[in-house]
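Let's take a walk through this structure together, stopping at a few places worth a look. Keep the view open as you read, and turn it along with the text.

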Amino acid sequence: MAKQLIKGNEAIVKSAVLAGCRAYYGYPITPASEIAEAAALYLPRAGGVFVQAESEVSAVNMLYGAASAGVRAMSASSGPGMSLMQEGISYLAGAELPCVIADITRGGPGLGNIAPEQGDYNQVVKGGGHGCYRTLVLAPASCQEMADLTALAFDLADAYRNPVVVMADGFIGQMMEPVEFAAKAKAPGSQPWAVEGNRETRPNLASSIHLEPDRLEQHIRHLEQKYLRAEREAVRCEHYQTGDAEIVLVGYGIVARILKAVVDEVRKEGIKAGLLRPITLYPFPSVQLRALARQAHVFLTVEMSTGQMVEDVRLALEGRKPVEFYGRCGGNAPSAAELVQVVREVARRSSPVLIPDAITKTEVCHG
Amino acid sequence: MAEVPSGYTVLHERPKAFYDTFERKGELQQQTHYCPGCGHGLAHKMIARAIDELGIQDRVIAVSPVGCSVFAYYYFDTGNVQSAHGRAPAVATAVKRSRPEAIVFSYQGDGDLAAIGTAEILHAANRGENITVFFVNNAIYGMTGGQMAPTTMLGQRTTTSPLGRDPFNEGYPLHVCELLATLEAPVYLERVALGNAKQVMAASRAIKKALTNQVKGLGFSLVEILSPCPTIWKLNPAKAQERVREEMVKVFPPGVYRDHTTERAARPAPPPAPGLDELPRLLDLEGHEFDRTGLERPAGLDLRIKVAGFGGQGVLMLGEVLAEAGLLLDLEVSWLPSYGPEMRSGTSNCHVRIADQTIASPLVAQSNVLLAMNEPSLRKFIGDVETGGWVLYNSRSLPEGVTAPAGVEVLCIPFTELADTLGEPKAGNIVMLGALLEAAGQLPAAAIDRALEMHVKSARWLELDRRALELGRETARKELANAYV
Ligand SMILES: Cc1ncc(C[n+]2csc(CCOP(=O)(O)OP(=O)(O)O)c2C)c(N)n1
Ligand code: SF4
């Protein structure tokens, strides 16, 4: 099939339907609303369900219902709506129900603004809900990845019986790029644990309650095992020019796109920079980062926030090499020229000697 | 079910829709976890009986709440979904929509349904979801130990209204049936009570009717059950029942608040799902093919374009057509809009990249083409145009005090005015596109034309845009020729 010029937000919906998604429950919010609008058009056409919920609280609980019934279901939102969904995400993880939620991030806290920011990292990746659970999180950096990672998200959700969030900043949601969609549509599958309203599935129960401490601990351990498996098997990241990199830049989403241009630019000056782009934010590519610490002198994390993922980078490196940070926020993206300056400065400062406590913040959010 | 010894007749058989034994705390028990005299136990039994009588056990999915009835799934031998506090109607909505053949009911207390879950019940009712709701009103929070409920009666003492509910502090008891009866969609709303045998019989009938409505596909039904909570009320079961009978019914009058079961037709069944092979067409994935024979893929191209102007000047569309044409030529492209309040306050812009190499960043900070439809945009972005780049500006000349950076070509043409001569000033963006093609010329006309075709759906506009494009080309040709004379 020929490539199609399409918005990232719309690509999510088409890819979801091709992946067998047949239910969308959501509440409008900029910059994610095109997802609801495309879902309202395409899900009924595909024989699926679209309901505009009365709130994100209801939307996430509708996901819970659809997932209980064994249907591939999704929703989408942005910062404020994601905050409201956190209780439901905890229930979904607790009841081991798969679903996909797209978070097209905007500026916070509070109402903030609707321009792109990456301040949702903590609430989405660390989990803003209660209890010992994790959310698998995929971070597309192009419209093609909006499609591909959405399809992957449904497979991971089923494989781990856990909610999966596709988290992209407003840029990736709003921009248009050529996308090639899956050539074949997947048939909606069936799940042995689903509650379908028939004799075979009558004994099934979707629930997150385990009243007895021993039983709940056993359940939590079981969830933990799944997360450990994900950490071994589901990590994805992209290496760009890291082969001989002395400075490793770390960024995801739109930032990674800008960082690629920065790598090309500073390499012209002889600065050996490379980029590690996490594609899964949880599980985080810690092992891959640690491997780069053998040759790199310094790491520079760039985010459109005051520094959230940088904590995971530091945890991954466990002090092996200095980790510097540069952030813009409030809806401002760093320009390539601005970042070239930062990289030059970091390169000048950093020596090839291991300085475990030289962990500094270069600059914080001067947007 | 245990065998009946000979010589005995079964008068009150356990409903089949109940499990034989209840598993709790790792032990099998015959008793429910409800307190003696609790209305929940009785309500459960009536629901189970109705399921038996309607022969729908295999199809039923019970959605349990958070409250004393959180463990309803211990008892109902049906499909079970346990939901978060107050959210059962949202959960039930999606279960039913996913499995239209299933018979889905939510079972909720007054805190669950009428406090934390008010939005969910109101909207499920208003959408007329084809589900059944059993609403147990005991005027108190049972599970958490006796706090005030939205249905707590005036003067009633609870742990959080220790002096008795005071309308000036806690407001008045919420009347759910009356509230929902203001909506058009619900098909059946009835309030019943468990105050004596007669009331219980009526309750039983209402419960069965509410399930029957769903079997018939009629829509949203809710039965509110005034129910004793002897434990929290600190009354013995008989006194608690008396309170329901004497006090509660006065505040919450039993009765039918809505019954449209005779006049309401069954909801239409959803249309059959299309085949998988039809999905690419239904998802508009087809029709993006383009025959490139004879067209050269421009080599070494790296256009970094910024298009900017007022909302309504077609800035975003102009960018889209450019990107689309690039894609048709098998080039790498990206289009990134400004969005949000900026758009609403009147200005809008987009970044377009068209290159023969992979595009790293879709953001255009330094442009080599600036298409400025108005003066503020020109002033804002002209400084970022690189040497060797182009500025096209929607006027006869640059405004006072504005100069282009050294080595930047400037083409000033009143595009909107020219479009006006075609009868449609809104086509100014396409006149500008024509001029750009003439000036910077790397994109073949055939690709632009096809891109226009893909983005302009109305035949009238397509014809107009084609003329606009030609007008732009011609005007630019003349301007450029003059410039070099
Ligand atoms: C989000 C949330 N808030 C509070 C609670 C605590 N809680 C559990 S049950 C309940 C009230 C239940 O009362 P009601 O719905 O009247 O049911 P009853 O126990 O009386 O049958 C509350 C407040 C909770 N589980 N979740
Ligand atoms: S506390 Fe009240 S509502 Fe809860 S089980 Fe006991 S009697 Fe029933």
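One convention helps from the start: a residue counts as buried under 20% relative accessible area, as exposed over 50%, and as partly exposed in between. Please also keep in mind that this is a predicted model.

With that scale in hand, go to helix α9 (residues 254–268) of chain A, where A:Glu265 and A:Lys268 sit 3 residues apart, about one helical turn. Why can two such positions face each other? An α-helix has 3.6 residues a turn, so residues three or four places apart point the same way. Here the two side chains meet in a salt bridge, with 3.3 Å from N to O. A:Glu265 has a relative accessible area of 36%, so it is partly exposed. Its partner A:Lys268, at 64%, is exposed.

That pair belongs to a bigger set, as a search over all chains finds 51 salt bridges in the whole structure. One of them joins A:Arg202 to B:Asp77, at 2.9 Å from N to O. This pair crosses between chains: A:Arg202 comes from the loop between β8 (176–179) and β9 (205–206) of chain A, and B:Asp77 from the loop between β3 (60–64) and β4 (79–82) of chain B. With a relative accessible area of 14%, B:Asp77 is buried. You can also find a network of salt bridges that links A:Glu54, B:Arg97, B:Arg127 and B:Glu129. In chain B, B:Arg245 and B:Glu246 form a salt bridge too, and their closest N and O atoms are 3.9 Å apart. Both ends of this bridge are partly exposed, B:Glu246 at 40% and B:Arg245 at 28%.

Now turn to how helices pack in chain A. Helix α1 (residues 8–18) and helix α2 (residues 33–45) have axes that come within 8 Å and cross at roughly 35°, and the crossing is right-handed. On the α1(A) side, the contact is made by A:Asn9, A:Glu10, A:Ile12, A:Val13, A:Lys14 and A:Val17, while α2(A) brings A:Glu34, A:Ile35, A:Ala38, A:Ala39, A:Tyr42 and A:Leu43. Sorted by character, the residues of this contact are 8 nonpolar, 1 polar and 3 charged.

For a view into the interior, pick A:Val343 in helix α12 (residues 336–349) of chain A. Its relative accessible area is 1%, so A:Val343 is buried. Leaving aside residues up to four places away in sequence, A:Val343 touches A:Ile247, A:Leu249, A:Val262, A:Val266, A:Ile271 and A:Leu300. Of these, A:Val266 lies 77 residues away along the chain, yet the two C-alpha atoms are separated by 7.7 Å.

Chain B offers a whole helix of this kind. In helix α2 (residues 88–98) of chain B, 10 of the 11 residues are buried, so the helix is largely enclosed by the rest of the structure. Among the buried ones are B:Ala88, B:Val91, B:Val95 and B:Lys96.

Our last stop is ligand 2. Which residues are around ligand 2? They are B:Tyr34, B:Cys35, B:Cys38, B:His40, B:Cys68, B:Asn138, B:Cys229, B:Pro230, B:Thr231 and B:Ile232. Helix α8 (residues 230–233) of chain B gives the most to this shell, with 3 residues. The shell divides into 7 nonpolar and 3 polar residues, with no charged ones.

Definitions and conventions:
Residues are numbered from 1 along each chain as its sequence is written. Chains are lettered from A and ligands numbered from 1 in the order in which they are written. This is a predicted model: local features need pLDDT of at least 70, side-chain atom pairs count only at pLDDT 80 or more; totals for chains, interfaces and linings use all residues. Side-chain values use heavy atoms; hydrogens and water are left out. A salt bridge is a side-chain nitrogen of Lys or Arg within 4 Å of a carboxyl oxygen of Asp or Glu. Helices (H or I, at least four residues) and strands (E, at least two) are DSSP runs, numbered from the N terminus. Buried means under 20% relative accessible area, exposed over 50%, partly exposed in between (1.4 Å probe, protein chains only). Axes are lines fitted to C-alpha atoms, for helices over the stretch in contact, and angles run from 0 to 180 degrees between N-to-C directions. A crossing is left-handed if the near helix is turned anticlockwise from the far one by less than a right angle, and right-handed if clockwise. Contact means heavy atoms within 4.5 Å. Ala, Val, Leu, Ile, Met, Phe, Trp, Tyr, Cys and Pro count as nonpolar, Asp, Glu, Lys and Arg as charged, and the others, Gly among them, as polar. A residue is near a molecule or strand if one of its heavy atoms lies within 4 Å of it.
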